[in-house]
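Please open the structure in your viewer and keep the selection panel at hand, since each stop of this tour begins with something to select.

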Amino acid sequence: MKDTELVGVQQTLNPVLKAKALDNRLPDPILGDEHAERVMRRLDPAYDKDRFGRSQIGLAAVVRAKAHDDWARSYLADHPDAVVLHLGCGLDARVYRIDPPPTVDWYDLDYPSVIALRRELLPPREHYTLIASDVTDLTWLDRVPRGRPALMIAEGLVPYLTEPDVRRLLTSVVDAFPTGRLQFDTTPVWAWRFSRWDPTLRRYGGAQFHCGFDDPAALADWHPRLEYVDEKPMYDAPILMAKAPAGTRRLYRVLNLVPGMKRSTRIVRFRF
Ligand SMILES: C[S@@+](CC[C@H](N)C(=O)[O-])C[C@H]1O[C@@H](n2cnc3c(N)ncnc32)[C@H](O)[C@@H]1O
C-alpha cells in the first residue's frame, strides 16, 4: 500500500474537496477556493465526469467551510498571536484561504497518509506545521506551543470520533491553553444512527459516525472553563439560498422540509 493511499474515514475528505472544487467553478462562488479545484483535478482528473459530475448538491459543505473560515478570520483578527489547531484537516486549503499573519502559528493535523498526500499536493509555508497523527492520540498536543490563545477548528471530524474521545480532546485542549475558541460541527443522534446507511459514507470508505449530540451547546458542561457561544446555519444558510444555482436551491428547499434535515449538521462555537 502506498503511504498516500487513503482508507476508510480518510476517504471522506474526497466529497468535501469535490464540493469546494465545483463551487470554484460557479460564476459567483461561495468559497472561491482555487486550491481545491487544482488538488481535486490532480487527485482525480475525471472527478467531474461521472453521473452527478457537476452537481452542486454538495454545496452545503462549502457553506460549512465558509462559516468556519469567517469565524476563524474574526478570531485571528483579535488574536494575532494565536496558535491554530486545524484538526482532521483533510486536503482543505484553509490556511491559504485565510492567509494568517506570521505572528500566528498554524498546525494542520490528520492521519499520516492524508498528511503525506498534502505534502505532495499543497505547498509549504512559514509558521505552518503538519502533524501526522490520529487526533485521539493526544501526545500531538506536546508539539504545540502553550501559553498563547488557541483556536481549534474541526470541520467534519467530530462525528467520526467516539463521545469519550471527543470529550478527552476538547477538555485536553482547554486544559492546555490559557484562553481560546473551539469551533466544530456535530450531527444529532438520529444522523449518527443512520450513518451506516448513508450513501455518501458508503461510497467513500464505508466510514460511519461514532457519536451524535441533540444539544451540542450542552458540551460546555464538560469543562468548567468552557462556554457555548453560538451556531451558524448550513442547509438553510442565506448564502446558500443566495448563491446556489436555481436547481440546487430548489433541492435544498425540499430537503429542508424533511423533519430534522435542516439541523442534521450543527456548526457550533465555544470559548474558554
Ligand atoms: C469529512 S473529512 C473533512 C476534511 C476537512 N476538514 C474538510 O472539511 O475538507 C474528515 C477528515 O477527518 C480525518 N479524521 C477522521 N478521524 C480522524 C482521526 N481519528 N485522527 C485524525 N484525523 C481524522 C479524516 O482523515 C478526514 O481527512
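Which residues surround the ligand, and which of them are the closest? Select the ligand together with its neighbours, and you will find that 20 residues surround it, the closest being Gly-88, Gly-90, Asp-92, Val-135 and Gly-156, where a residue counts as near a molecule if its C-beta atom, placed from the backbone, lies within 6 Å of it. Before going further, note that this is a predicted model, in which local features need pLDDT of at least 70 and side-chain atom pairs count only at pLDDT 80 or more, while totals for chains, interfaces and linings use all residues. Residues are numbered from 1 along each chain as its sequence is written.

Now colour the shell around the ligand by class: its residues divide into 10 nonpolar, 6 polar and 4 charged. Here Ala, Val, Leu, Ile, Met, Phe, Trp, Tyr, Cys and Pro count as nonpolar, Asp, Glu, Lys and Arg as charged, and the others, Gly among them, as polar.

Next, select residues 13–23, which form helix H1, the element that gives the most to this shell, with 3 residues. Helices (H or I, at least four residues) and strands (E, at least two) are DSSP runs, numbered from the N terminus.

Keep H1 selected and add helix H2, residues 34–43: the two axes come within 7 Å and cross at roughly 120°, the axes being lines fitted to C-alpha atoms over the stretch in contact, with angles from 0 to 180 degrees between N-to-C directions. That crossing makes H1 oblique to H2, because angles under 35 degrees count as roughly parallel, over 145 as roughly antiparallel, 65 to 115 as roughly perpendicular and the rest as oblique. Show the side chains of Leu-17, Lys-18, Lys-20 and Ala-21 in H1, which meet Ala-36, Glu-37, Val-39 and Met-40 in H2; two residues are in contact if their C-beta atoms, placed from the backbone, lie within 7 Å. By class, this contact has 5 nonpolar, no polar and 3 charged residues.

Then replace H2 with helix H3, residues 59–78, whose axis comes within 8 Å of that of H1 and crosses it at roughly 90°, so the two helices are roughly perpendicular to each other. Val-16, Ala-19, Lys-20 and Asp-23 of H1 make the contact with Leu-59, Ala-61, Val-62 and Ala-65 of H3.

Finally, zoom out to the whole chain, which has 10 helices and 7 strands.
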